[in-house]
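This report describes a protein chain together with its ligand. Please consult the sequence and the structure shown below while reading.

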Amino acid sequence: MEIEKNKAEAKAIVTSWKENGLSVGFVPTMGALHEGHLMLIRASQKENDKTVCSIFVNPLQFNRKEDLENYPNTMEQDLEMLENEGCDLVFVPNAVAFYDGVVIPTYDFGLLGKTMEALHRPGHFEGVAAVINEFFKTLLPTRAYFGEKDFQQLAIIKWLVAKENFPVRIVACKTVRAESGLALSSRNLRLSADGRQLAASIYETLHYCKNSKSNYSPTTLVTSAIDKLKKTFDVEYFEIVDGENFQQVEKWEESANPRAFVAAHLEGVRLIDNLSLNP
Ligand code: AMP
């Protein structure tokens, strides 16, 4: 497994693979790797000749300084995990060098840029779009893999690919969960053992919405979900929106693909999750 910090070097490696007719799968991460990330690596390996993983805690996508400073770093263990998975290249750029000379693009994401994560983390998706734009321009992978855990981010990436005409196929992968239902996340490392148990009620609540869909309106479900979560969490938002256009769903007939989204804080850790409400 090659480990590369330098953007030009990483580009040269990927370019030579592609010149030799090899397909390249790309998995961008911020490190503190877990099974959710490894599932993306495995999906890439199945469909491509070579797999590149990046580990880069992108400062531009953090709207709170403390969040960036507290973001877990387990680099040594991450590299070992990637080596064991048979990853071909790990790109670990330095933030200053990565953005040196880069003009940060400005985008109007429409409703996607005005709701849920975008509303609660101003500048977050602008930072995500900046880093992915630069990654794609540098590496031009054949395919890139993203988790549904960050469903709105996935929609932003698809939007970006269409906007910039990147010849990159975006592959969405299902959320990997602990046995309790808690979505795996690097941020879970900052929860206590008790906190991790309690956090499972996020998934229970999402599931409650899915199971109760035939009995209640979306608005009623949102209210009762927030009431349930309030007992344990500081709830930032809980919304049921259409999984394609992200419009709020007020009546079930309005959406063929209703999806519940939540952001909630526990022990000072911000957790997000989402679930399709279709059977
Ligand atoms: P992150 O390191 O949190 O920026 O995540 C890197 C990629 O892994 C993103 O595409 C995430 O959506 C994906 N990811 C993170 N956690 C999970 C999970 N539990 N299941 C599936 N994908 C995940």
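## Ligand contacts

A nitrogen atom of the ligand lies 2.8 Å from a backbone N or O atom of V176. The model discussed here is a predicted one. Two further polar contacts involve oxygen: an oxygen atom of the ligand is 2.9 Å from a polar backbone atom of M30, and an oxygen atom of the ligand is 2.9 Å from an N or O atom in the side chain of H37. The table sets these three contacts side by side.

| Residue | Protein atom | Ligand atom | Distance |
|---|---|---|---|
| M30 | polar backbone atom | oxygen | 2.9 Å |
| H37 | side-chain N or O | oxygen | 2.9 Å |
| V176 | backbone N or O | nitrogen | 2.8 Å |

How much of the ligand does the protein bury? Taken alone, the ligand exposes 480 Å², and the protein buries 93% of that area. The ligand is surrounded by 18 residues, of which M30, H37, D150, V176 and L184 are the closest.

## The loop residue T175

T175 belongs to the loop that connects β6 (169-173) and α9 (193-199). Leaving aside residues up to four places away in sequence, T175 touches E148, K149 and A183. With K149 there is also a polar contact: a polar atom of the T175 side chain lies 3.0 Å from the backbone nitrogen of K149.

## The open sheet and its helices

In the order β7-β8-β9, three strands form an open sheet with antiparallel pairing. The edges are taken by β7 (234-242) and β9 (269-276); each has a single partner strand, so one side of each is left without a neighbour in the sheet. On average, neighbouring strands of this sheet are turned by 10° against each other, direction ignored. In general, the strands of a sheet pair through backbone hydrogen bonds, either parallel or antiparallel. Here, β7 and β8 (residues 258-266) run antiparallel and are joined by eight bridges. One bridge links D242 to its partner P258 in β8.

Two helices accompany the sheet. Helix α11 (residues 218-230) packs on the sheet and touches β7 and β8; its direction makes about 155° with that of β7. Helix α10 (residues 201-212) lies across β7, β8 and β9, running at about 25° to β9.

## The chain as a whole

The protein chain contains eleven helices and nine strands. Its C-alpha atoms fill a box of roughly 55 × 40 × 35 Å along the principal axes. A compact globule of 279 residues would have a radius of gyration near 19 Å; the protein chain has 19 Å and therefore agrees with that expectation.

Technical notes
Residues are numbered from 1 along each chain as its sequence is written. This is a predicted model: local features need pLDDT of at least 70, side-chain atom pairs count only at pLDDT 80 or more; totals for chains, interfaces and linings use all residues. Side-chain values use heavy atoms; hydrogens and water are left out. Two strands pair if DSSP finds at least two bridges between them. Helices (H or I, at least four residues) and strands (E, at least two) are DSSP runs, numbered from the N terminus. Axes are lines fitted to C-alpha atoms, for helices over the stretch in contact, and angles run from 0 to 180 degrees between N-to-C directions. Contact means heavy atoms within 4.5 Å. A residue is near a molecule or strand if one of its heavy atoms lies within 4 Å of it. A polar contact is a pair of N or O atoms within 3.5 Å; within protein, one must be able to donate a hydrogen and the other to accept it, and residues adjacent in sequence count only if both atoms are side-chain atoms. Accessible areas come from the Shrake-Rupley method with a 1.4 Å probe; for residues, only the protein chains shown count as cover. The radius of gyration is taken over C-alpha atoms; the globule rule is 2.2 Å times the number of residues to the power 0.38.
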